[in-house]
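Got the viewer open? Here is a short walk through the model, one selection at a time.

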Amino acid sequence: MSSTVANGRVGAMLLRVLGASFSPMTSRAIVRSAMTQAGRDSEDLERLGVDGALLGHLLRGVRFYAPDPTHAARCRAALEDLLQAAAEPPPDVMVPIVREVDIVRARQEARTIAAAIGFDHTGQVKIATAVSELARNIFRYASTGKIELSTVERPSVGIRIVAVDHGPGIANIDAVLSGSYRSKTGMGLGLLGCQRLMDAFEVDTAVGRGTRVVASKHLAR
Amino acid sequence: MSTTTIPIIHLRELLIVSVQTELSDSLVETLKDDVSHEIAARSPRGLIVEVSGVEIFDSYIAASIRQIAHVARLMGVATVVAGINAAMAITLVEMGMQMSGVRTALNLDAAVNMLERAKEEHAEEDAALLATMLGNDSSLESLS
């Protein structure tokens, strides 16, 4: 049962906020018992978010497990912030890649969205790094293009990254992705690294026409 | 264009570069030049590149930091890269990046200690590291 708690975006965010003060096991116990007391299940948690009644039960759990009042107060403040953030999923973002600074912007946007979706710190860093690789490839080899970032719901909640350019395309894409090709500039490792960091990864490329990479990463169930 | 520069501090015969900003490609290039010029001008005993302020570094930035360490070593200056945080370390390993030929330390303090002890103790290790990096040239390699 414990795994169903973190299935969605709101559940994952709840666990992340509680995780700052409690162990993962305790965090799950607090969420599970609050949901039971509020008569909620994980499906409607994702649909309706955290309402006042559920927050009340969560805070009761926090007070029960917290070693001292300061601890409980800090956790309460974090949960209230979460209520606001959880109101709706983060909006989709499109980052045009035209100048070098856009690479930095793309990875910052990716990180912000990953955090809002509920990825932990390491997950955010992985996603931002993958986006940085894709943005760099666009800038280096195609000059211009764009990165689209959006939230997906299936197979579990996650982030979807689409990188599109109309550059020269990649002639030896199979060699690049199998790791048998190495460039001085590190391009091979960029794409390969991105693939290794993501859960799903697809490249559609045609010489002279451009490249489209679609990648996604999901919250662990 | 950004006017950000990364300060290079000279302290007790050590050059300390503490990167506290988001690294763009051009900033990394400038840093590479600046560090080699500072080494030539001041002949320090060691170089520390401290990266705890860097939240994200992708394959290109990691390779550039590695190159800075290699350049310094070729100029006869022992180099330690300090402060790669846990999330970044996990990400680099998962991507298949190696920081071969580069000595690393948990933090600035550990890096200074390492260089204080360094000289004779690590003469042999240095020779071995030098051999590794020359064998690797500047390209990146995969773990698998």
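The stops below go from one whole chain to a core, then to a helix pair and a single residue. Keep in mind that this is a predicted model.

**Stop 1: chain B**

Colour chain B by secondary structure and you should find five helices and five strands. Trace the chain along its sequence and the pattern reads β-β-α-β-α-β-α-β-α-α. Now shade by burial: of the 144 residues in chain B, 51% are buried. If you switch on contacts with a separation of 6 or more, 76% of those in chain B join residues 24 or more positions apart.

**Stop 2: the largest nonpolar core**

Next, go to the largest nonpolar core, which has 69 residues. Pick out Ile147(A), Leu23(B) and Leu47(B), the ones with the most contacts inside it. Then highlight helix H8 of chain A, residues 121–142, which supplies the largest share of this core, eight residues.

Zoom in on Leu47(B). What does Leu47(B) touch, leaving aside residues up to four places away in sequence? Its partners include Leu15(B), Val17(B), Val35(B) and Ile39(B). Also on the list are Ile68(B), Ala72(B), Val77(B), Ala78(B), Thr79(B), Val80(B) and Leu115(B).

Before leaving, select Leu15(A), Leu54(A), Leu58(A) and Cys75(A): they are among the 23 residues of a second, separate core.

**Stop 3: a helix pair across two chains**

Go back to H8(A) and add helix H3 of chain B, residues 86–95. Two packed helices are described by the angle between their axes and the distance between the axes. Here the angle is about 50 degrees and the axes are 9 Å apart. H8(A) and H3(B) are therefore oblique to each other. Their crossing is right-handed.

Show the side chains where the two helices meet:

- From H8(A): His121(A), Thr122(A), Val125(A), Lys126(A), Thr129(A) and Glu133(A).
- From H3(B): Ala87(B), Met88(B), Ile90(B), Thr91(B), Glu94(B) and Met95(B).

Colour this contact by class and you get five nonpolar, four polar and three charged residues.

**Stop 4: Ala40(B)**

Last, select Ala40(B), which sits in helix H1 of chain B, residues 25–42. Is Ala40(B) buried or exposed? Ala40(B) counts as exposed because its relative accessible area is 57%, and the cut-off for exposed is over 50%. Finish with a distance line from Ala40(B) to Phe57(B): the two are 17 residues apart in sequence and 27 Å apart in space, C-alpha to C-alpha.

Technical notes
Residues are numbered from 1 along each chain as its sequence is written. Chains are lettered from A and ligands numbered from 1 in the order in which they are written. This is a predicted model: local features need pLDDT of at least 70, side-chain atom pairs count only at pLDDT 80 or more; totals for chains, interfaces and linings use all residues. Side-chain values use heavy atoms; hydrogens and water are left out. A nonpolar core is a set of buried Ala, Val, Leu, Ile, Met, Phe, Trp, Tyr and Cys residues joined through side-chain atoms within 4.5 Å. Buried means under 20% relative accessible area, exposed over 50%, partly exposed in between (1.4 Å probe, protein chains only). Helices (H or I, at least four residues) and strands (E, at least two) are DSSP runs, numbered from the N terminus. Contact means heavy atoms within 4.5 Å. Axes are lines fitted to C-alpha atoms, for helices over the stretch in contact, and angles run from 0 to 180 degrees between N-to-C directions. Angles under 35 degrees count as roughly parallel, over 145 as roughly antiparallel, 65 to 115 as roughly perpendicular and the rest as oblique. A crossing is left-handed if the near helix is turned anticlockwise from the far one by less than a right angle, and right-handed if clockwise. Ala, Val, Leu, Ile, Met, Phe, Trp, Tyr, Cys and Pro count as nonpolar, Asp, Glu, Lys and Arg as charged, and the others, Gly among them, as polar.
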